[in-house]
Amino acid sequence: DTIKNKGIVSKEVAYEMANGALCKSGASIAISVTGCAGPGKDDEGNEEGTICFGFSIKNTFTITEKVNIEGNSRNEIRLNCVKYAFNRANKLLENL
């Protein structure tokens, strides 16, 4: 329902993905990524590099962010998403 109502590239979907992964995995942290890596806009009109992240930390919080990730190709955008996600998660954990 959330995808239908908010679109696949949305903070709401990223939130549900991160929370769901955390609950089902038994992990201490879960990260979700949904976005448009290109080439070009997606079917919903999201620009290439529009990415929503979800960060869920057990017994603490879940936050979401919508950012623009740069890259010269689909693979470079995807790689930069992974780098962003791990760097951001590290910062969040350092501040607990």
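Two strands count as paired if DSSP finds at least two bridges between them. That rule underlies the hairpin of S2 and S3, which has 3 residues between the strands. In this hairpin Asn59 takes a positive phi near 60 degrees. The model is a predicted one.

Start with the sheet. It is open and has 3 strands, in the order S1-S2-S3. The pairing is antiparallel. Strand S1 covers residues 29–35 and strand S3 covers 61–68. Both stand at the edges with a single partner strand each, so one side of each is left without a neighbour in the sheet. From one strand to the next, the twist averages 15 degrees.

Now take the two pairings in turn. S1 and S2 pair in the antiparallel sense over 7 bridges. Within this pairing, Ile31 has Phe55 in S2 as its bridge partner. Strand S2 spans residues 50–57, and 8 bridges join S2 to S3. These two strands also run antiparallel. Thr50 stands opposite Asn68 in S3. Cys52 has Lys66 in S3 as its bridge partner.

Which side chains of S1 are buried, and which are not? The side chains alternate along the strand. Ala30, Ser32 and Thr34 point to one face and are buried. Ile29, Ile31, Val33 and Gly35 point to the other face and are not buried.

Ile29 deserves a closer look. This residue lies in strand S1. Its relative accessibility is 29%, so Ile29 counts as partly exposed. Ile29 and Ser56 are 27 residues apart in sequence, yet their C-alpha atoms are 5.6 Å apart in space. Leaving aside neighbours within four places in sequence, Ile29 is in contact with Leu22, Ser56, Ile57, Ala89 and Leu93.

Next come the helices. Helix H2, residues 11–25, lies across S1, S2 and S3. H2 runs at about 150 degrees to S1. Helix H3, residues 74–94, also lies across S1, S2 and S3. H3 runs at about 30 degrees to S2.

Helix H1 is made of residues 2–6, and Thr2 is found in it. What does the side chain of Thr2 make a polar contact with? The partner is the side chain of Glu16, at 2.6 Å. Not counting residues up to four places away in sequence, Thr2 touches Gly7, Glu12, Val13 and Glu16.

Turn to the charged pairs. How many salt bridges does a search of the whole structure find? The search finds 2. In one, the side chains of Glu47 and Lys41 meet at 3.3 Å, N to O. Glu47 has 46% relative accessibility, so Glu47 counts as partly exposed. Lys41 is exposed, with a relative accessible area of 54%.

Another salt bridge joins the side chains of Arg88 and Glu65, at 2.5 Å, N to O. Arg88 lies in helix H3 and Glu65 in strand S3, so the pair ties together parts that are 23 residues apart in sequence. Arg88 counts as partly exposed because its relative accessibility is 24%. Glu65 counts as buried because its relative accessibility is 13%.

The cysteines come last. A disulfide is a covalent bond between the sulfur atoms of two cysteines. How many disulfides are there here? The count comes to 0. The cut-off that matters is 2.5 Å between cysteine sulfur atoms. Why is Cys52 without a bond? The closest cysteine sulfur to that of Cys52 is in Cys81, and at 10 Å it is too far for a bond. Cys81 is in no disulfide either. For Cys81 the nearest cysteine sulfur is that of Cys36, 10 Å away.

Are these two cysteines buried or exposed? Cys52 has 0% relative accessibility, so Cys52 counts as buried. Cys81 has 7% relative accessibility and therefore counts as buried too.

How values were computed
Residues numbered from 1 in each chain as written. Predicted model: local features only at pLDDT ≥ 70, side-chain atom pairs only at ≥ 80, totals over all residues. Heavy atoms only, no water. Helix = DSSP H or I, 4+ residues; strand = E, 2+ residues; numbered from the N terminus. Axes fitted to C-alpha atoms, helices over the stretch in contact; angles between N-to-C directions. Contact = heavy atoms within 4.5 Å. Polar contact = N/O pair within 3.5 Å; in protein donor to acceptor, adjacent residues only side chain to side chain. Buried < 20%, exposed > 50% of the residue type's maximum accessible area, 1.4 Å probe, protein only. Salt bridge = Lys/Arg side-chain N within 4 Å of Asp/Glu carboxyl O.
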